[in-house]
Amino acid sequence: MSLAVPGPWARPDVPGLLRRHWPLLPLAATVLFLLAPLPAGDATASGKVGPADAASLLLVFVCAVQALRGRVRALTPLGVVVLGTPAVGLAVATMTAGDPYAALPGFVRYLQVFVLVPAAVVLLVRDAAEFRLAAGCFVVLALVQGAVGVVQYVTHTGASYQGQDVRAVGTFGPGDVMGMATVVAYGLVVATAVALAPGLPQRVRRIAGGVALALVLPLVLSFSRGVWIATAGAAVLVMVLAGIRRALKVLLALAAAGVVLVGGLGVGSEMVAERLTSITQVSSAPDQSVTDRYTMWAAAESMWRERPAVGVGLKGFPAHRDGHASLGLSSGSDTAGAGQAYLRQPLLSPHNMYLLILSEQGLIGLIALAGGWAALLVAGLRRLGSPTGMRDCGLIAIGLLVWQLTDFLYADIGGPSTVLTGVIIGLAAWWALPSRGVAGPPRGAAAHRAAASGAGSRGRAPGVAARR
């Protein structure tokens, strides 16, 4: 007996889904508005409010309106604790900062990314079809940004790397060299999970597998070591969770694609080899970027030791950096290419999310944030082991969360793609913290099905009780 899988994987009627589930439009816009290019030559634009951030605020507003109307999912007490505790830590870090007014922008940003957006996603995404729609937006974003990145490499119009304008950065520009790599990695993880998920139509799995292989190329051309490591780790975990036999097939396909791209066609072979080699030289012969990273890590640890409970305050790392960093720290990183003149960007964060939280928010903030992430990961893995008809959703949620938590070891928030971190945490929480029911009447066509089948007799959306 085959498992029927509703949603865009089985019937990709995206316009119909949007009409029936209009509250998700701001969620789709939050992801897809990252296709808008940054102004050429404005490397500082990555720190400003962009279209995706505006869409996320609309997402939160729509969620608030739907909540007042009683048309959102009901959170369990555990969900309230996991999603709400970070706000307490952020408030403490802001009030105890040396300059609370200077810390306010950091409070707003953290509240947006780690509290409001995740909560809005959890409350508004009511079933597996809507989850898959949100995940599909990541794939669309990755394909477009990846295509732009490949063109940049081929035409030598990308960001400067080793004296050549070949680094694929998509529409994010050289001021945010991690932006394209990040969104491409998100799409690759989603596609890999769909390709391996049991119960989906074979045609869908094959298409997803082809998409995953296609996204390997722009990911390689991003020359982002940290993203490579996080993507490899998340993809391998998804493969293992999906089944060893499937994992071996995908690994062989990826290995073959790598041989063809880098070995056979010579796509960036020398640069890729040099970048891979540098990963193993972080202690013996590190380059300046690695030296700067280690120096800032040590500075963040020194700040934490100075104020272990509450840290130096949100947005406090740049002000305290020079007082805790050694002389080995350079004045900044060089950026150029992709329509921008040479510019030296200051180093304003330790490039490690956990150390950034520890230095600015202390143990209270780290436990509130990282503790919630760990709880979501454990709960998500436990739920994946139980019988469910939404295994693809579980693989996607866990894969994206593991990617993000791994990437946080050598990266932190910053740039337009930061808002996607909140969406990912929300999707992971949606999977890990299933609701006992949904408040209010079901939306759109689901309401007609409920009336016909009597499934809504207990005030729940049809299929939600069985799937959630």
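The legends below describe close-up views of a predicted model.

**View 1. The largest nonpolar core, centred on the contacts of its members.** This core holds 85 residues, among which Phe138 and Leu420 touch the most other members. Helix α7, spanning residues 177-196, gives the most to this core, with 14 residues.

**View 2. The surroundings of Phe138.** Leaving aside residues up to four places away in sequence, Phe138 touches Val31, Val183, Tyr186, Gly187 and Val190, together with Leu420, Val423, Ile424 and Leu427. Leu420 thus appears here as a contact of Phe138, and Leu420 and Phe138 are also the two residues that touch the most other members of the core.

**View 3. A second nonpolar core.** Separate from the core of the preceding views is a second one of 43 residues, which includes Val113, Phe114, Val115 and Ile425.

**View 4. The largest cavity and its lining.** Three cavities of 30 Å³ or more are found in the model, and the largest of them has a volume of about 70 Å³. Its lining consists of Val82, Leu83, Pro86, Phe114, Ala368, Leu369, Gly372, Trp373, Leu376 and Ile425. Two elements, α4 (77-95) and α14 (353-384), each give two or more residues to this lining, and the largest share, five residues, comes from α14. By class, nine of the lining residues are nonpolar and one is polar, while none is charged. Phe114 and Ile425, both in the lining, also belong to the second core.

**View 5. Two buried cysteines.** Cys63 is buried, with a relative accessible area of 7%, and Cys137 is likewise buried, at 9%. A search of the whole structure finds zero disulfides.

Conventions
Residues numbered from 1 in each chain as written. Predicted model: local features only at pLDDT ≥ 70, side-chain atom pairs only at ≥ 80, totals over all residues. Heavy atoms only, no water. Core = buried A, V, L, I, M, F, W, Y, C linked by side-chain atoms within 4.5 Å. Buried < 20%, exposed > 50% of the residue type's maximum accessible area, 1.4 Å probe, protein only. Helix = DSSP H or I, 4+ residues; strand = E, 2+ residues; numbered from the N terminus. Contact = heavy atoms within 4.5 Å. Disulfide = S-S within 2.5 Å. 1 Å grid on protein atoms, 1.4 Å probe; cavity = no way out; pocket = protein on both sides within 12 Å on 5 of 7 lines; lining within 4 Å. Points joined across faces, edges and corners; volume = space filled by probe spheres on them. Nonpolar A, V, L, I, M, F, W, Y, C, P; charged D, E, K, R; others polar.
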